[in-house]
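Reader: Please examine one part of this model closely and describe how its residues are arranged and how accessible they are. A connected account would be preferred to a list.

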Amino acid sequence: MANRNSAGGRRVSRKQITLLWIAGVAVVIITLLYFERADVLYVLSTLGVTALLGAVAFADLSGSKKNPATGEDWNATKKL
């Protein structure tokens with residue numbers, strides 16, 4: 001019962017939510033292309049890129065302490 005939500009229904013995984021978002025965005029893009037609404041598509045793509053750049057700009061990258069490639073501390077001094 002731990003895998004069920006409070007309504008008692010089936011729990012939706014992150015993968016299913018991601019696939020639904022991708023399918024929804026694809027339907028919107030294909031519909032806009034079919035009806036030749038390039039102006040709306042241009043505005044939506046500009047807002048999407050702006051949101052992506054904002055997410056990257058405000059990401060807390062200083063919180064990571066270890067280099068993922070080597071596993072060592074970023075602030076550790078290297079002995080030569």
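Author: Buried means under 20% relative accessible area and exposed over 50%, with partly exposed in between (1.4 Å probe, protein chains only). On that scale tyrosine 34 is exposed, at a relative accessible area of 64%. The model is predicted, with pLDDT of at least 70 required for local features and 80 or more for side-chain atom pairs, while totals for chains, interfaces and linings use all residues. Numbering starts from 1 along each chain as its sequence is written, and side-chain values use heavy atoms, without hydrogens or water.

The part chosen here is helix 1 together with the residues that follow it. The protein chain has two helices and zero strands (DSSP runs numbered from the N terminus: H or I of at least four residues, E of at least two). Of its 80 residues, 2% are buried. The chain exposes about 7,800 Å² (Shrake-Rupley, 1.4 Å probe), and carbon and sulfur atoms supply 66% of that area.

Helix 1 covers residues 14-34. Its 21 residues reach 30 Å from the first C-alpha to the last, close to the 30 Å expected at 1.5 Å a residue (times one less than the number of residues). Glutamine 16 belongs to this helix and is partly exposed, with a relative accessible area of 32%. Beyond the residues up to four places away in sequence, glutamine 16 touches Arg10 and Arg11 (heavy atoms within 4.5 Å). Isoleucine 17 also lies in helix 1; its relative accessibility of 40% makes it partly exposed.

Isoleucine 17 is one of the residues of a nonpolar surface patch of about 570 Å². The other members are Val12, Trp21, Val25, Ile29 and Leu33. Such patches take residues with over 30% relative accessible area and no salt bridge, nonpolar side chains being joined within 5 Å and like charges within 9 Å.

Next come two aromatic residues. The structure holds one aromatic pair. The rings of tyrosine 34 and phenylalanine 35 have their centres 5.0 Å apart and their planes at 80°, so the arrangement is edge-to-face (centres within 6.5 Å; planes under 30 degrees apart are stacked, over 60 edge-to-face, the rest tilted). Phenylalanine 35 is exposed, at 55% relative accessibility.

Which residue takes a positive phi just after helix 1? It is glutamate 36, with a phi of about 55°, a positive value in a residue other than glycine. Glutamate 36 sits in the loop between helix 1 and helix 2, the latter spanning 38-57. With a relative accessible area of 70%, glutamate 36 is exposed.

Finally, the structure holds one salt bridge (a side-chain nitrogen of Lys or Arg within 4 Å of a carboxyl oxygen of Asp or Glu). The side chains of arginine 37 and aspartate 39 form it, at 3.4 Å from N to O. Arginine 37 is partly exposed, with a relative accessible area of 40%, and aspartate 39 is likewise partly exposed, at 45% relative accessibility.

Note on methods: Rings of Phe, Tyr and Trp (its six-membered ring) pair if their centres lie within 6.5 Å; planes under 30 degrees apart count as stacked, over 60 as edge-to-face and the rest as tilted.
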